[in-house]
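Please open the model in a viewer and keep the sequence panel visible. The tour below proceeds by selection, each stop stating what to pick and what is found there.

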Amino acid sequence: MPDQASSSRHATAENAGSETPARPTPRTDADGEAAAGRSLIEIDHVDFSYGSNQTLHDVSLEIEAKKVTAFIGPSGCGKSTLLRCLNRMNDLIDGARITRGAIRIHGVDIHRPEVDVIELRKRVGMVFQKSNPFPKSIYDNITYGLRIAGMRDKVKLDEIVEKSLRGAALWDEVKDRLHQSGLGLSGGQQQRLCIARAIAVEPDIILMDEPCSALDPIATAKVEELIHDLKRRFTIVIVTHNMQQAARVSDRTAFFYLGRLIEYDVTQKIFMNPSNPQTEAYVSGRFG
Ligand code: ADP
Ligand code: MG
């Protein structure tokens, strides 16, 4: 029977002291707390409900820093719900809440009252299924969040625009039309613009919910290649219903079914030699 005490099992020497006093916002320590392979996000016995409808049941998993973790499973199994828990996007839905368990990032429970949600969402960025650039120029799409945060230095903003667009493998395609509308780009370019916008604020973690499902195969391949590059700098959690994509881009894969985590392991193991017969049936295409 899991209890509160079990959560201390996950504590490491680095974060054990961070429960009291709470750091209000999760941060990367200067000494490189988010080194590759270290657990960055801890999902600890989470139950989640929309009103009276329980959607997630006792989900526990630890997500490693600077890796790509994929959530797979049939439609409606709770992948997007869990993803949205990680930056509290579900707060925006009436009656939606975690009813048991906790989510910690850098050892800090993100639901503690003193956590600044705006700051949390800066640290934990998100890219959606349907690209959603603002109806603004390419340049303004990227600087929007920074300007809201009060940045006015034009030289610095120019630098960040270039760095973010290069980071999203889009710079060469748009450098001559930075002041034209982001909506004039192709679907794949728009999605990479949204990725550029997400990385402009230097998050620790990027959540991606089926980021390629509206894209053609060539645009999909570009975004997949980009994900591969981005994990050198960011921790990425991706929801995908495309199993080949999960197999191609992720280091670890979590398979969900009916709101429960069925199996979580290195991606190759999940696809080549899963331990659970339900995972086996799903990855071999027998249901879903
Ligand atoms: P997936 O991303 O795996 O397809 P979701 O997390 O979107 O699954 O959905 C899990 C369950 O929660 C489904 O039964 C879905 O109908 C329900 N659900 C999702 N979003 C909402 C919402 N905003 N309000 C109520 N129920 C929801
Ligand atoms: Mg979904």
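**Helix 2 and its charged side chains**

Begin by selecting R123 and E119: they lie 4 residues apart in helix 2 (residues 117–123), so about one helical turn separates them. In general, an α-helix has 3.6 residues a turn, so residues three or four places apart point the same way. This is a predicted model. Display the two side chains, and a salt bridge appears between R123 and E119, with an N to O distance of 4.0 Å. Both R123 and E119 are buried. Now add K122 and D204 to the selection; together with E119 and R123 they are linked in a network of salt bridges.

**The whole chain**

Zoom out and colour by secondary structure. The chain contains 10 helices and 10 strands. Of its 288 residues, 50% are buried. If a contact map is available, consider contacts between residues at least 6 apart in sequence: 69% of these join residues at least 24 apart. With a surface displayed, the accessible area of the chain comes to about 13,500 Å², and carbon and sulfur atoms account for 51% of it. The structure holds 23 salt bridges, and two further examples are visited below.

**Ligand 1**

Select ligand 1 and expand to the residues around it. Which residues surround ligand 1? The shell consists of Y50, T55, P74, S75, G76, C77, G78, K79, S80, T81, R84 and I93. Helix 1 (residues 79–85) contributes the most to this shell, giving 4 residues.

Next, inspect the polar contacts one at a time:

- At G76, a polar backbone atom is 2.7 Å from an oxygen atom of ligand 1.
- At K79, an N or O atom of the side chain is 2.8 Å from an oxygen atom of the ligand.
- At S80, a polar side-chain atom also lies 2.8 Å from an oxygen atom of ligand 1.

On its own, ligand 1 has 560 Å² of accessible area, of which the protein covers 61%.

**Strand 4 and its partners**

Move to strand 4 (residues 96–105) and select R100 together with D58 in strand 2 (residues 53–64). R100 forms a salt bridge with D58, and the closest N and O atoms are 3.1 Å apart. The pair links distant parts of the chain, the two residues being 42 residues apart. Are these two side chains buried or partly exposed? R100 is partly exposed, with a relative accessible area of 34%, and D58 also counts as partly exposed, at 35% relative accessibility.

Stay in strand 4 and select T99. T99 counts as partly exposed, at 38% relative accessibility. Leaving aside neighbours within four places in sequence, T99 is in contact with D47, F48 and S49. A distance label between the C-alpha atoms of T99 and D47 should read 5.5 Å, although these residues are 52 residues apart along the chain.

**D109 in strand 5**

Select D109, which is found in strand 5 (residues 108–109). D109 is buried yet has no salt bridge. Which side chain of opposite charge is nearest to D109? R104 is, at 5.9 Å, whereas a salt bridge requires a side-chain nitrogen of Lys or Arg within 4 Å of a carboxyl oxygen. The side chain of D109 does, however, reach the backbone nitrogen of H111 at 2.9 Å. Beyond residues up to four places away in sequence, D109 touches A102, I103, R104 and V115.

**Helix 3 and its cover**

For the final stop, select helix 3 (residues 138–148) and highlight its buried residues: I138, Y139, N141, I142, T143 and L146. What covers them? The cover includes helix 4 (154–167), helix 5 (171–174) and helix 6 (187–200).

Then pick R147 and D140. R147 and D140 form a salt bridge, the closest N and O atoms being 3.6 Å apart. Unlike the buried residues just highlighted, R147 counts as partly exposed, at 35% relative accessibility, as does D140, at 29%.

Finish by following the backbone to G150, just after helix 3, where phi is positive at about 100°.

Terms used. Residues are numbered from 1 along each chain as its sequence is written. Chains are lettered from A and ligands numbered from 1 in the order in which they are written. This is a predicted model: local features need pLDDT of at least 70, side-chain atom pairs count only at pLDDT 80 or more; totals for chains, interfaces and linings use all residues. Side-chain values use heavy atoms; hydrogens and water are left out. Buried means under 20% relative accessible area, exposed over 50%, partly exposed in between (1.4 Å probe, protein chains only). Lys and Arg count as positive and Asp and Glu as negative; His and the chain ends are not counted. A polar contact is a pair of N or O atoms within 3.5 Å; within protein, one must be able to donate a hydrogen and the other to accept it, and residues adjacent in sequence count only if both atoms are side-chain atoms. Contact means heavy atoms within 4.5 Å. A residue is near a molecule or strand if one of its heavy atoms lies within 4 Å of it. Accessible areas come from the Shrake-Rupley method with a 1.4 Å probe; for residues, only the protein chains shown count as cover.
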